[in-house]
Amino acid sequence: METVATASLPCALFPRRGKGSPAAGGLASTRRFPYNESKRKCGAGKIAAKFELKPPPYSLDALEPHISQETMSYHWGKHHRGYVEGLNNQIVGTELESMDLEDIISRTYNKGNILPPFNNAAQIWNHDFFWESMNPKGGGKPSGSLLELIERDFGTFEKFTQRFITAASTQFGSGWVWLAYKANRLDVENAVNPCPSEEDKKLVVVKSPNAVNPLIWDYSPLLTIDVWEHAYCLDFQSRRNDYISTFMEKLVSWEVVSNRLEMAKARAAEREREEERRKQEEEHGSTPGDNEATEMYLDSESDESEAE
Amino acid sequence: MALRTVFSRRTLASLRSGLSSSVTPTGTRSLVTFSLPDLPYDYGALEPAISGEIMQLHHQKHHQTYVTNYNKALEQLEEASNKGDAPAVVKLQSAIKFNGGGHINHSIFWQNLAPVHEGGGEPPKGSLGWAIDEHFGSLEALVSKMNAEGAALQGSGWVWLGLDKELKKLVVDTTPNQDPLVTKGPLIPLIGIDVWEHAYYLQYKNVRPDYLKNIWKVISWKNASKNL
C-alpha cells in the first residue's frame, strides 16, 4: 500500500509539517492528512515508535469560562492520555507498530469489522483534531473561500450552523459531529463517484458514533465537536445543546478550518491529477513507472532512500 | 420519597391522557403517554456508592428528557401512521428506539437499586443464588464478569444480567446506547447497570471501573429475584 514512503523513512529526513499550515511544496500526498501527525520518538535506525500525547495549542485553562480547566485536565489529561497509552500497549510487537496513525486507523477499521486498536487510534486522532479546532478567542464567522463554500452548500452560514447544531444534539449516544469536505465521493461509504463534477466537491455535516471519524469514508474533516458526555458533563451537566451553542459561538477556530479546507482542496486536486495520469498510462499502454512525486520524495542524499 | 412537588402519578397520567388523547373520526383509541416514575428512595439514599447529585440529575434531567422525547416521538408517529406517511414513520424509528429505550432502561435501573438499609447489596438468595452459582461459579465471578464487560464497553450503553426465557439460563450481555435488552433476544432483564458517562462521571470521573466496583453495594438482588 505504501508508495509514498513517508511512513518508512526516519523522521530526521523529513521536517514535520506544521499544524494547520497551508500545504507546502505541492507534495500533497494522496493519502495523508498533513495536519495531524502525532509525534513519534524515533529509535536509532528502527522505525517502530510510540505515540505521544500532544498538548492542545493553548493552556488547559485557556478555554475558560466556556470549557473549564477541570474538564480539560480530565478530558486531555486522562481520556486522551489513556487512548495514547492504550494504543502504545496494543501495537507492541504487531505490524501496526511501524505504521502512521492514519494507516492504523484505516487498517483497524477493517471495513467495518473493527479491530480493538481502532478505538484508541481513532480517538487519539479525533482529540488532536478537536483541540486544534478550538481557539480561546474563537467563534464569529468564517470568511473567504470557506464562507463561499458554506453559502454554496448550505444556503447561509446560519443555516449551516443550525444543521451542525441539530446534528450534534441528535447524535444519540457517544460520538462526534463533523464539517467535512467530500471530494468526489458518493454518499455511501467511500465509493468512487463515476461522474465527478465541481459540484460534487462539497461540504457536508456528518455524525459518527463512538470513535468513528470521516477518514474511514475518505472525506477530509474540517471541523469537529466531541459529543461524548465526558466532553461537557462537568461544565454543562445534561445540557448538551448549551455546550454545542457555546462551542459554535465562542470556540470554533475558523482560521484553522479555512486552512484545512485549502489543504483538502489541494489534496483533492492532486488526487485528480494522479487519477488522470494513471488513466492516460493505461490507455497508452505504457508501463506504470514510479510515481513522480514519490521519486522527488526519495531524492535525498541518504543511502536509505533505496530501502523500501 | 424524592422531594418533588408533583401530582401523584395517577393524577398526572389522567391529566395527560385527558389532554393528549385524540379521538379520531373513526373513534379509535387514544394515545398512551408515559411519565417519569418516582424513585422508591431519596436522591441521597444510595450514597456513598452513587451521589445524590448524580441521582437527581440522572432522574430529573436525563430520564425526564427520554420520557418527554419518547412521548413526542410517539405523537408524531401516530400522526404519521394515520396519514399513511411511510417515510415519516420510518424516520421516527431511531428517536423511538433511543428515547423509548432510555425510558425502559432507566425505569428498570431505579428499581434494581436500593439503599443499604433496604437490602441494597445483600447477596442473592434462593433460586437466583443457586442459578448464579451454577452458571458462573460464584457471585464474585458474575460480578467480575459484569464489571469487565461494563468497563470494556466502548462509548455509551448498559451491562445486563438477563434470563434467557427459552434456554432457561442466565446470561451476561451488553447493549449499546439505549438499546433495551429485549433487542438482544428472548431475555428478561434481572440487573441492569448504566455505563453511560452521565451515570458516574460527576463522582467517579473517567474511572468507570471504580463506579462498577461500588455500585454492587446498592444493587437490589431482591428485586432481581422478583423478575426471575
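Student: How much area is buried between chain B and chain A, and what share of that area do carbon and sulfur atoms give?

Tutor: Good place to begin! The size of an interface is often given as the accessible area lost when the parts come together. Keep in mind that this is a predicted model. Here, chain B and chain A bury about 1,600 Å² between them, and carbon and sulfur atoms give 61% of that area.

Student: Which three residues supply more of the area that chain B buries against chain A than any other three?

Tutor: Look for B:Gln154, B:Glu197 and B:Tyr201, which together supply 33% of what chain B buries against chain A.

Student: How many residues of each chain are in contact across the interface?

Tutor: On one side there are 17 residues of chain B, and they are in contact with 16 residues of chain A.

Student: Now for charges. How many salt bridges are there between chain B and chain A, and which side chains meet there?

Tutor: The count is one salt bridge. To find it, pick out A:Glu70 and B:Lys205, whose side chains meet with an N to O distance of 4.0 Å. As for polar contacts, the rule finds five residue pairs across this interface, with both residues at pLDDT 80 or more.

Student: Which helices of chain B each supply at least two residues to the side that touches chain A?

Tutor: Follow helix H2 (52-83), helix H3 (86-111) and helix H6 (201-204) of chain B. You can also sort the residues on that side by class: six are nonpolar, eight are polar and three are charged.

Student: Let me step back to whole chains. How many helices and strands does chain A have, and in what pattern do they follow along the sequence?

Tutor: Chain A has nine helices and three strands. Reading along its sequence gives α-α-α-α-α-β-β-β-α-α-α-α.

Student: And what are the counts and the pattern for chain B?

Tutor: Chain B has eight helices and three strands, and its pattern reads α-α-α-α-α-β-β-β-α-α-α.

Student: What percentage of the residues in each chain count as buried?

Tutor: In chain A, with 308 residues, 49% count as buried. In chain B, with 228 residues, the figure is 48%. You can look at the outside as well: the accessible surface of chain A comes to about 14,700 Å², 50% of it belonging to carbon and sulfur atoms. Chain B exposes about 11,300 Å², with carbon and sulfur atoms supplying 56%.

Student: What percentage of contacts join residues at least 24 apart in sequence?

Tutor: Start from contacts between residues at least 6 apart in sequence. In chain A, 74% of these join residues at least 24 apart. For chain B, residues 24 or more positions apart account for 66% of the contacts with a separation of 6 or more.

Student: Let's zoom in on single residues. Is A:His127 buried or exposed?

Tutor: A:His127 has a relative accessible area of 0%, so it counts as buried. You will find A:His127 in helix H3 (residues 117-133) of chain A.

Student: Which residues does A:His127 touch, leaving out those up to four places away in sequence?

Tutor: A:His127 touches A:His75, A:His80, A:Tyr83, A:Trp176, A:Asp226 and A:His230. With A:Asp226 there is a polar contact of 3.3 Å that joins the two side chains.

Student: Where is A:Asp153, and what does its side chain reach?

Tutor: A:Asp153 lies in helix H4 (residues 144-154) of chain A. Its relative accessible area is 22%, so A:Asp153 is partly exposed. The side chain of A:Asp153 reaches the backbone nitrogen of A:Leu203 at 2.9 Å. These two residues are 50 apart along the chain, yet their C-alpha atoms are separated by 6.3 Å. Beyond its neighbours within four places in sequence, A:Asp153 is in contact with A:Lys202 and A:Leu203.

Student: One last residue: what does the side chain of B:Gln203 reach?

Tutor: The side chain of B:Gln203 reaches the backbone oxygen of B:Pro48 at 2.9 Å. B:Gln203 is in helix H6 of chain B, and its relative accessible area of 27% makes it partly exposed. Not counting residues up to four places away in sequence, B:Gln203 touches B:Pro48, B:Ala49, B:Ile50, B:Ser51 and B:Ile54. The C-alpha atoms of B:Gln203 and B:Ala49 are separated by 9.3 Å, with the two residues 154 apart along the chain.

Definitions and conventions: Residues are numbered from 1 along each chain as its sequence is written. Chains are lettered from A and ligands numbered from 1 in the order in which they are written. This is a predicted model: local features need pLDDT of at least 70, side-chain atom pairs count only at pLDDT 80 or more; totals for chains, interfaces and linings use all residues. Side-chain values use heavy atoms; hydrogens and water are left out. Contact means heavy atoms within 4.5 Å. Buried area is the accessible area (1.4 Å probe) that two parts lose on being put together, summed over both. A polar contact is a pair of N or O atoms within 3.5 Å; within protein, one must be able to donate a hydrogen and the other to accept it, and residues adjacent in sequence count only if both atoms are side-chain atoms. Helices (H or I, at least four residues) and strands (E, at least two) are DSSP runs, numbered from the N terminus. Ala, Val, Leu, Ile, Met, Phe, Trp, Tyr, Cys and Pro count as nonpolar, Asp, Glu, Lys and Arg as charged, and the others, Gly among them, as polar. Buried means under 20% relative accessible area, exposed over 50%, partly exposed in between (1.4 Å probe, protein chains only). Accessible areas come from the Shrake-Rupley method with a 1.4 Å probe; for residues, only the protein chains shown count as cover.
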